Amino acid sequence: MKTPVSTAPINPAAPDLSPPHKYKQLAGWLVLFAVLIACSIRTDVTPYQLIVGLPQMGSLLQEMFPPDWSYLPTIWGPMMETVQIAILGTTLGGLLAIPVALLCASNLGISRFVSLPARMMLNLIRTIPDLLFAAIFVAVFGIGPFAGMLALVFFSFGLIAKLTFEAIEAIDPGPLEAMSAVGANRMQIIMFGVVPQALPYFMSYLLYTFEVNVRAASVLGLVGAGGIGLLLDRALGLFRYDRASIIVLLTLVIVLVIDYGSTIIRRKLL
Amino acid sequence: MKNTTSAASGNTSGSVLGSRIRFAVITLVVIAVYFWSVQGIHFEGIQGTAGTVSKSILQGFLHPDWSFVYIPEGEDLLRGLLDTLVISILGTVVATVVCIPFAFWASTNMSRHLAVSGSGKIVLSVIRVFPEIVVAILFIKAVGPGSFAGVLALGIHSVGMLGKLYSETIESIDRGPQEALIASGANRLQVLRYAVLPQVIPQFLSYSLYRFEINIRSATTLGLVGAGGIGTPLIFALQVRNWNRVGIILLGIIVLVILTDLVSGWVRRRII
């Protein structure tokens, strides 16, 4: 699309004005449509099904309204537990992430034999969904918020460590060089050269992960790992859609409030 | 932190005191928040069975159930992974199509009144708030369990974030071509077709691919609530504590996620 613009100044004598890559583009779209048709055949997902399902969705929404406001005091406790799980999970995950992020960064003179395996471990951890972590920890530690907290510790660890080591790699090398020139050891370089530069980013990623974790914690209860999810599962199982809608509404409000607060703090940090 | 240092360099003793008080207040608030959070995690101590359970989990992960990879008849790993892949492809495409009008609605440079784009932004952030699992549960109640509910859940949930990214792309376009077309008498549709779309489409596709990478991670867990894909055999294996099977499914998920990341990264580099 942009090719004629970019080639024209290079060869002004014979500008190539014919539209390039048209066949390639067409082939790309054809492949995409073929894949889509194959996909919809494979899973029986067709627009027809959507039209059939729409009235059912309408009746579901009707049953969800009006929300059962009297249920609000009952769900307030589990909702707060959800937030507590998210706070502790994010913090512990973030603390664990600090040493690993330092090991992974390529500009601190850490041997590649250490940093590459550490990075691979981070990639592996991030492919495992948080609900699966939660289900495994529920099996080990029993049903309750502790299992959910541990699941979020692992999930946050993977995310924060990756974001932070990329931030460390992007810091200004000047102070580090100056410090090593005057004979600082590695610990001193990290304490006084790396930490002051990377800390605002780390805190910002911590808050961002906290936002993600509040959302994740609200569904951890589905596998028995504490929080509001258990009540949501129960309400839906009993076909109490008016209760389900108040749970969803409260989650919405809490998440919006936390997002808003966290955005303000992050803007102040960076 | 930054505020503290900048206030301290102000050299007046009042601001130093102020920043110290502020620092103390912040520290107290943080301590209070953590004190409150620890109350919520009533830890009952490690259960007596924890040791044996962990051992069997480790055993299962070290000896994955290879026979589950391909079973000629019925549900196996490869079919589950294929379903997961298909659900996330369809979900991403649904989201891409649905979010385009939302993106134009929420862009400040596509409408004259700020109220229009503002309301669009609010709608997008409300959609973004619901976790996709919750959306999936609602759709399962509406259209029954299966892949269809998963596709709809991913499709609707992704609209929130994709719409936001798309509208930011639209807001950042170069106004030159648009103004030139308006000056030469093009109507709104022609402006859209020849000035706006060519600038935004590569970025749109790139964001959709990025969302696809996220969706494939979400799709692996959608089955835990009954919305199709690899999550369905996973939840069965977890319920009967068949750790060998959990191990092979986990391995399959890891391979699928890494492969799709590689392919989508390659396609993205070709587009931009």
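These are my notes on how chain B and chain A meet in a predicted model, followed by a look at the annotated segments of chain B.

**Entry 1, extent of the interface.** I began with the residues in contact and found that 58 residues of chain B touch 56 residues of chain A. I then looked up the area buried between chain B and chain A, which comes to about 5200 Å², with 80% of it on carbon and sulfur atoms. On the chain B side, the residues losing the most area to chain A are B:Ile41, B:Val129 and B:Phe148, and together they account for 12% of what that side buries.

**Entry 2, polar and charged pairs.** I searched across the interface of chain B and chain A for salt bridges, and the rule returned one. I noted a salt bridge between the side chains of B:Asp83 and A:Arg42, at 2.9 Å from N to O. For polar contacts between chain B and chain A, I recorded three residue pairs, with both residues at pLDDT 80 or more.

**Entry 3, make-up of the chain B side.** Helix α6 of chain B (residues 132-143) supplies eight residues, the largest share of the side that touches chain A. Sorting that side of chain B by class, I obtained 41 nonpolar, nine polar and eight charged residues.

**Entry 4, annotated segments.** I checked UniProt, where an unreviewed entry lists residues 21-38, 85-106, 219-240 and 246-267 of chain B as "transmembrane region". In the model I found residues 21-38 of chain B to be 100% helix and 0% strand, with the end C-alpha atoms 26 Å apart. Residues 85-106 of chain B are likewise 100% helix and 0% strand, and here the end C-alpha atoms lie 30 Å apart.

Notes
Residues numbered from 1 in each chain as written. Chains lettered and ligands numbered in written order. Predicted model: local features only at pLDDT ≥ 70, side-chain atom pairs only at ≥ 80, totals over all residues. Heavy atoms only, no water. Contact = heavy atoms within 4.5 Å. Buried area = accessible area lost by both parts, 1.4 Å probe. Salt bridge = Lys/Arg side-chain N within 4 Å of Asp/Glu carboxyl O. Polar contact = N/O pair within 3.5 Å; in protein donor to acceptor, adjacent residues only side chain to side chain. Helix = DSSP H or I, 4+ residues; strand = E, 2+ residues; numbered from the N terminus. Nonpolar A, V, L, I, M, F, W, Y, C, P; charged D, E, K, R; others polar. UniProt positions renumbered as here; feature names shortened; annotations may be inferred.
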